[in-house]
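Here is a friendly note to read alongside the model. Keep the 3D view open and look up each residue as you meet its name.

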Amino acid sequence: MTTRTPLISGNWKMNLNHFEAIQTVQKLHYLVPKQVFEGVEVSIHPPFTDIRSIQTLIESEDLDFSLGAQHCHFEDSGAFTGEVSPAFLAKLNTKYVICGHSERREVFGETDEMVSKKVLAILKYEMTPILCCGETLDEREAGDMEAKVLGQIEAGLAGVSNEQIASLVIAYEPIWAIGTGKTATAEDAQAACAAVRGKVREMADDATADSVRIQYGGSVKGGNAPELMSQPDIDGALVGGASLDPDEFARVIQFAG
Ligand code: PEP
């Protein structure tokens, strides 16, 4: 049986400038007892303008956090005004990059094809993609949840080797639960994450499927984290709103009690 260390990721979205970011990370670190990090990994995904400050803070004070980004382009460099290269993120010792978040797909028109190119670009620079998938409420009610989510997984993992898939992270995030205060029941979240793992098993093999970490995301808070995180196919959480509040995020991180 493979042991998968849970990964709790804080996606700050477009919140907190670099001064606020430093204070938030310092407070969070103060609130979480050191031994908690023996059983859980925590990544912080601030806006691009904060990343260098948070990198310096984590490295100079040897904090138990991994540095993450919320998105990147798939090209190394070029005429892409406003975009950020995966090469630049790698230079800042970024470990995780969120890829294909539903807000990027819906608001900025990211397609499965673009997400696939980003996954490959992130891996090329030896960072770990957090590949997001999830269905809308209409898709769920129409019985299309699995088709949508598993289709996103199939597209996002195209051309990725089994060894690479084994080390990456998938975030199942029902779109209707993101930022709405509505959470999937632990049972529904488990069923969806099990289906995602089943898809990886079909595309790769048993060892790969047993290694890949699958997060649940969608209004995770201190109160619902213990039940969600105790599900066999849920290996952590992608947390938006609650990650902006160090007290609440510290409770999520300490889901195991
Ligand atoms: C997210 O940003 O991916 C997310 C799940 O947000 P929230 O926790 O606020 O629902």
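1. Let's begin at the ligand, bearing in mind that this is a predicted model. A backbone N or O atom of G241 sits 2.8 Å from one of the ligand's oxygen atoms. S219 also uses its backbone: an N or O atom there is 2.7 Å from a ligand oxygen. With N11 the side chain takes part instead, placing an N or O atom 3.1 Å from an oxygen of the ligand.

2. How much of the ligand does the protein bury? On its own, the ligand would expose 290 Å², and 96% of that is buried by the protein. Try turning the model to see this for yourself.

3. Next, look at the neighbours. There are 14 residues around the ligand, and the ones that come nearest are K13, H101, E173, G179 and S219. By type, this shell is made up of eight polar, four nonpolar and two charged residues.

4. Which pocket does the ligand occupy? Its space is the second largest pocket, with a volume of about 160 Å³. This pocket is lined by 16 residues, and G179, S219, V239, G240 and G241 are the closest to its centre. You have already met S219 and G241 as residues with a backbone atom facing a ligand oxygen at 2.7 Å and 2.8 Å, respectively. Eight of the lining residues are polar, five nonpolar and three charged.

5. Now move to the largest pocket, which has a volume of about 470 Å³. Its lining has 16 residues, and those closest to the centre are M14, Q70, H71, R104 and F108. Which helix gives the most to this lining? The answer is α4, residues 102-108, with four residues. Here the lining divides into seven nonpolar, five polar and four charged residues.

6. Finally, please find the cavity. The structure has one cavity of 30 Å³ or more, and the largest cavity holds about 40 Å³ of space. Its lining consists of G100, H101, S102, R105, C132, C133, G134, Q152, E173 and I175. Both α4 and β5 (128-133) supply at least two of these residues each. Five of the lining residues are polar, three nonpolar and two charged.

7. One last thing to trace in the view: H101 and E173 are among the residues that come nearest the ligand, and both also line the largest cavity. Helix α4 is worth colouring too, since you can follow it from the lining of the largest pocket to that of the largest cavity.

Technical notes
Residues are numbered from 1 along each chain as its sequence is written. This is a predicted model: local features need pLDDT of at least 70, side-chain atom pairs count only at pLDDT 80 or more; totals for chains, interfaces and linings use all residues. Side-chain values use heavy atoms; hydrogens and water are left out. A residue is near a molecule or strand if one of its heavy atoms lies within 4 Å of it. A polar contact is a pair of N or O atoms within 3.5 Å; within protein, one must be able to donate a hydrogen and the other to accept it, and residues adjacent in sequence count only if both atoms are side-chain atoms. Accessible areas come from the Shrake-Rupley method with a 1.4 Å probe; for residues, only the protein chains shown count as cover. On a 1 Å grid over the protein atoms alone, a cavity is a set of points where a 1.4 Å probe fits but cannot get out, and a pocket is an open set with protein on both sides within 12 Å along at least five of seven lines; lining residues have an atom within 4 Å of a point. A molecule sits in a cavity or pocket if more than half of its atoms lie within 2 Å of its grid points. Ala, Val, Leu, Ile, Met, Phe, Trp, Tyr, Cys and Pro count as nonpolar, Asp, Glu, Lys and Arg as charged, and the others, Gly among them, as polar. Grid points are joined across faces, edges and corners, and a volume is the space filled by probe spheres set on the points. Helices (H or I, at least four residues) and strands (E, at least two) are DSSP runs, numbered from the N terminus.
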